[in-house]
Amino acid sequence: MPENLNLVPFVSVEAMMDLVLSIGTERFLRELAGYIEADFHRWESFDKTPRVASHSRDGVIELMPTSDGRLYGFKYVNGHPKNTKSGRQTVTAFGVLSDVDSGYPVLLSEMTILTALRTAATSAVAARHLARSNARCMALIGNGAQSEFQALAFKALLGVDRLRLHDIDPAASRRCRDNLSALGFSIEICGSAEQAVEGADIVTTVTADKQNATILTDNMIGAGMHINAVGGDCPGKTELHRDILLRSDIFVEFPPQTRIEGEIQQLDKDHPVTELWRVIAGSAPGRTRADQITLFDSVGFATEDFSALRYVRDKLSETGRFDTLDLLADPDEPRDLFGMLLRRQALTQQAAAPQ
Ligand SMILES: NC(=O)c1ccc[n+]([C@@H]2O[C@H](COP(=O)([O-])OP(=O)(O)OC[C@H]3O[C@@H](n4cnc5c(N)ncnc54)[C@H](O)[C@@H]3O)[C@@H](O)[C@H]2O)c1
């Protein structure tokens with residue numbers, strides 16, 4: 001019998017930060033992108049379901065499960081755009097990876113930082129197939145928690161080194177610029193989204209609002225642009241004007257989920273879209289013309305979190321940067337769960353008794 005069946009490796013926020021910093025953010029993003037791409041390659045081996053969403057007036061709480069038959073993973077994630085006003089994150093998350101054979105968790109991890117990394121890595125994986133190969137300038141609209149990660153993933157995977165930032169809150173743009181200032185970008189802050197997209201090869205929208213917004217209108221999008229639409233990820237929460245969708249070739253993660261949550265909720269249910277995994281696996285074309293407008297309608301899919309948990313687990317054995325949690329009851333005799341409770345009671349009573 002293995003020892004310490006009760007203990008589960010646990011990656012706290014602090015341990016995640018140490019892990020990312022010890023690997024280096026850009027290398028982390030590149031390696032994570034490799035895991036995400038590898039799992040898209042074997043797309044058909046995964047159990048897939050649209051995430052389970054619990055909507056409320058101000059936000060959503062979602063569970064995102066998947067399995068490849070050997071490992072099972074799920075993420076708990078929320079989206080509450082009003083949260084930043086009370087000092088909280090818009091998005092927080094944690095996740096679990098388990099061994100399918102025994103059902104025992106093998107990893108419990110913070111996923112707020114990991115979600116920002118995996119979302120950015122997935123965006124850059126998509127853009128590698130969909131943006132023009134000479135794309136170097138990106139408009140980044142919405143300069144909150146996800147934004148620097150997006151910028152760094154596009155730098156690490158595509159060589160993007162010019163950023164045009166815009167946020168309705170100028171302080172957010174200034175913070176984003178300052179955070180990225182020593183990391184090899186030339187950065188301009190723009191007073192409007194329209195100004196930000198001028199001269200950009202790639203446009204990333206990563207705003208947070210609990211409603212259909214129009215961050216980009218049709219007149220802003222020129223031939224050859226790639227749009228990485230990240231912030232529209234819930235029913236009734238979109239960022240692009242419908243006319244842009246009608247002019248774009250649209251690429252999605254898992255159509256049954258994206259039709260509910262993505263920009264394409266604005267279109268007919270049978271509007272043609274291409275699944276990203278097919279492009280990655282080579283069974284569908286990505287960009288075919290320099291003047292084509294491509295759109296990655298990102299909502300975030302469970303396999304990306306699974307890939308991220310898999311990557312973190314592999315890295316733990318290299319770096320040793322994790323804690324262990326006494327998470328699983330482990331009585332001496334598996335069926336004597338109650339006996340374990342009684343033995344604990346006896347021990348505590350013994351310790352409390354006067355000597
Ligand atoms: N697709 C995915 O996989 C995925 C993953 C994570 C988060 N998201 C989504 O990305 C969005 C951003 O997340 P975050 O954690 O960075 O949120 P955040 O609240 O930290 O930042 C959002 C920023 O958008 C700005 N903003 C809001 N409306 C705007 C507008 N009209 N024009 C310009 N800027 C505007 C806000 O001022 C804020 O700075 C959220 O909607 C979230 O749900 C998507």
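In this predicted model, the ligand is surrounded by 30 residues, of which Thr90, Gly142, Gly144, Ala145 and Gly300 come nearest. The chemistry of this shell is mixed: 14 of its residues are polar, twelve are nonpolar and four are charged. Both domains take part in the shell, with at least three residues drawn from domain 1 (7-113 + 304-345) and at least three from domain 2 (132-300).

That brings the domains themselves into view. The protein chain is assigned two of them, domain 1 (7-113 + 304-345) and domain 2 (132-300). Helix α2 (residues 25-41) is the main contributor to the side of domain 1 that touches domain 2, giving eight residues. Taken by class, this side of domain 1 holds eight nonpolar, seven charged and five polar residues. Contacts across the boundary join 20 residues of domain 1 to 20 residues of domain 2, while the centres of the two domains, taken over C-alpha atoms, are separated by 26 Å.

A second link between the domains appears in the packing of nonpolar side chains. The largest nonpolar core counts 90 residues, and the members that touch the most others are Leu29, Leu32, Leu117 and Ala121. Helix α3 (residues 112-130) supplies the largest share of this core, ten residues. Because domain 1 (7-113 + 304-345) and domain 2 (132-300) both give residues to the core, it lies between them. Leu117 offers a helpful close-up of this packing. Once neighbours within four places in sequence are left aside, Leu117 is in contact with Phe28, Leu29, Leu32, Phe149 and Ala308. Two of these partners, Leu29 and Leu32, are themselves among the core members that touch the most others.

Leu71 gives a view of another part of the chain. This residue is found in strand β4, which covers residues 71-79. Is Leu71 buried or exposed? Neither label quite fits: a residue is buried if 20 or more other C-beta atoms lie within 10 Å of its own, and exposed if there are 12 or fewer. Leu71 has 18 C-beta neighbours inside 10 Å, and therefore counts as partly exposed. Its contacts, leaving aside neighbours within four places in sequence, are with Leu97, Ser98, Asp99, Val100 and Arg310. Between Leu71 and Phe46, which are 25 residues apart along the chain, the C-alpha separation is 10.0 Å.

Technical notes
Residues are numbered from 1 along each chain as its sequence is written. This is a predicted model: local features need pLDDT of at least 70, side-chain atom pairs count only at pLDDT 80 or more; totals for chains, interfaces and linings use all residues. A nonpolar core is a set of buried Ala, Val, Leu, Ile, Met, Phe, Trp, Tyr and Cys residues joined through C-beta atoms within 7 Å. Helices (H or I, at least four residues) and strands (E, at least two) are DSSP runs, numbered from the N terminus. Domain bounds come from an automatic or database domain assignment. Two residues are in contact if their C-beta atoms, placed from the backbone, lie within 7 Å. A residue is near a molecule or strand if its C-beta atom, placed from the backbone, lies within 6 Å of it. Ala, Val, Leu, Ile, Met, Phe, Trp, Tyr, Cys and Pro count as nonpolar, Asp, Glu, Lys and Arg as charged, and the others, Gly among them, as polar.
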